[in-house]
Amino acid sequence: MKILLVDDDPRLRDLVRLALERADYEVVTAADGRIALVHAARERPDLIVLDIGLPEMDGFEVCRRIRAASDVPILFLTARDDEIDRIVGLELGADDYVTKPFSPRELVARTRAILKRTGGGTATRRLSHGAITLDPAACLCSAGGTELALTAMEFSILASLCKNPTQVFAKNRLLDEIWGPGSQVSDRTLDSHLRNLRRKLADAGLPDAIETVHGIGLKMGKAEK
């Protein structure tokens, strides 16, 4: 699998590149946002590791432009230990973030987790609930016959709920299901992805596709054909 690594720090870039290559990933690098956009279009990577603080064009703007044309998974690197920046990044369509300083081992583990979710893992059977149909093997989602442009994380949330549509998922269970047990991902991160997912479903005419069970968690809403 191919990874586009975007960071303006040459030492960090080399360190992360070596760690990813040792994990058997092909790595393409870029030192600024404009070059990152060129590589993203030309190389068609399976995942982008994207620093926020870039010259020429920051990571947020790079993410916006990539998301306008692609749902490739994006992992943010950020030196800003600020929850607002993290939430803004995730609302733009990023799938996860790692805060600097971080260990290369942690980044490789996060990369593997994202690619496992987006690359299919073991679940390949189609899922459906009312007007919603999911094809995990192809990472495609349709609502009433219209294809929805979901990020990898939005797809994972919807797939987890659709596997057991009558079951109520507590948020911590949903976090474990998607990010893995013991993850450091917060409820606010999950809420950010859910908000975007619900908006896309509402735009497709399914505003009640995901139901909140107050004080308990989330479940699929009433099936609508």
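In this predicted model, Val 62 is buried, with a relative accessible area of 0%. The residue belongs to helix 3, which covers residues 59-67. Its contacts beyond the four nearest places in sequence are Gly 33, Ala 36, Leu 37, Leu 50, Leu 54 and Met 57. Leu 37 lies 25 residues from Val 62 along the chain. In space, the C-alpha atoms of Val 62 and Leu 37 are 6.8 Å apart. A second position, Ile 52, lies ten residues from Val 62 in sequence. The C-alpha atoms of Ile 52 and Val 62 are separated by 8.9 Å.

Ile 52 sits in the loop between strand 3 and helix 3. Its relative accessibility is 3%, so Ile 52 counts as buried, the limit being under 20%. Leaving aside neighbours within four places in sequence, Ile 52 is in contact with seven listed residues, among them Asp 58, Gly 59 and Phe 60. Phe 76, Leu 77 and Thr 78 are also among the contacts of Ile 52, as is Arg 80.

Strand 4 spans residues 74-78. It is mostly covered, with five of its five residues buried. In a regular strand, side chains alternate between the two faces of the sheet. Both faces of strand 4 are covered. Ile 74, Phe 76 and Thr 78 are buried on one side. Leu 75 and Leu 77 are buried on the other. Strand 4 pairs with strand 3 (residues 47-51) in the parallel sense, over four bridges. In this pairing, Leu 50 stands opposite Phe 76. Leu 50 is also one of the contacts of Val 62.

Thr 78 lies in strand 4. At a relative accessible area of 2%, Thr 78 is buried. Residues up to four places away in sequence are not counted in its contacts. Beyond them, Thr 78 touches Asp 51, Ile 52, Val 98, Thr 99 and Lys 100.

The structure holds one aromatic pair. Its members are Phe 60 and Phe 76, arranged edge-to-face. The ring centres are 5.6 Å apart, and the planes stand at 90°. The pair links distant parts of the chain, with Phe 60 in helix 3 and Phe 76 in strand 4. The two residues are 16 residues apart. Phe 60 has 8% relative accessibility and therefore counts as buried. Phe 76, at 3%, counts as buried too. Both Phe 60 and Phe 76 are in contact with Ile 52.

Cysteines were examined next. A search of the whole structure finds zero disulfides. For Cys 141, the nearest cysteine sulfur is that of Cys 162, 7.6 Å away. A disulfide needs sulfur atoms within 2.5 Å, so Cys 141 is in no disulfide. Cys 141 is buried, with a relative accessible area of 2%. Cys 63 counts as buried at 0% relative accessibility.

Another part of the model contains an open sheet of four strands, in the order 6-7-8-9. The pairing in this sheet is antiparallel. Strand 6 (127-129) and strand 9 (146-148) are the edge strands, and each pairs on one side only. Neighbouring strands are turned by 25° against each other on average, direction ignored. Strand 6 and strand 7 (residues 132-135) pair over three bridges. Leu 127 stands opposite Leu 134 in strand 7. Helix 6 (residues 152-163) lies across strand 6, strand 7 and strand 8 (140-143). Helix 6 runs at about 110° to strand 7.

Helix 8 comprises 17 residues, from 187 to 203. At 1.5 Å a residue, helix 8 should span 24 Å. Its end C-alpha atoms are 24 Å apart, which agrees. The buried residues of helix 8 include Thr 189, Leu 190, Ser 192, His 193 and Leu 194. Asn 196, Leu 197, Lys 200 and Leu 201 are buried in helix 8 as well. Helix 8 is followed by Gly 205, whose phi is positive, near 90°.

Technical notes:
Residues are numbered from 1 along each chain as its sequence is written. This is a predicted model: local features need pLDDT of at least 70, side-chain atom pairs count only at pLDDT 80 or more; totals for chains, interfaces and linings use all residues. Side-chain values use heavy atoms; hydrogens and water are left out. Two strands pair if DSSP finds at least two bridges between them. Axes are lines fitted to C-alpha atoms, for helices over the stretch in contact, and angles run from 0 to 180 degrees between N-to-C directions. Contact means heavy atoms within 4.5 Å. The expected span of a helix is 1.5 Å times one less than its number of residues. Buried means under 20% relative accessible area, exposed over 50%, partly exposed in between (1.4 Å probe, protein chains only). Rings of Phe, Tyr and Trp (its six-membered ring) pair if their centres lie within 6.5 Å; planes under 30 degrees apart count as stacked, over 60 as edge-to-face and the rest as tilted.
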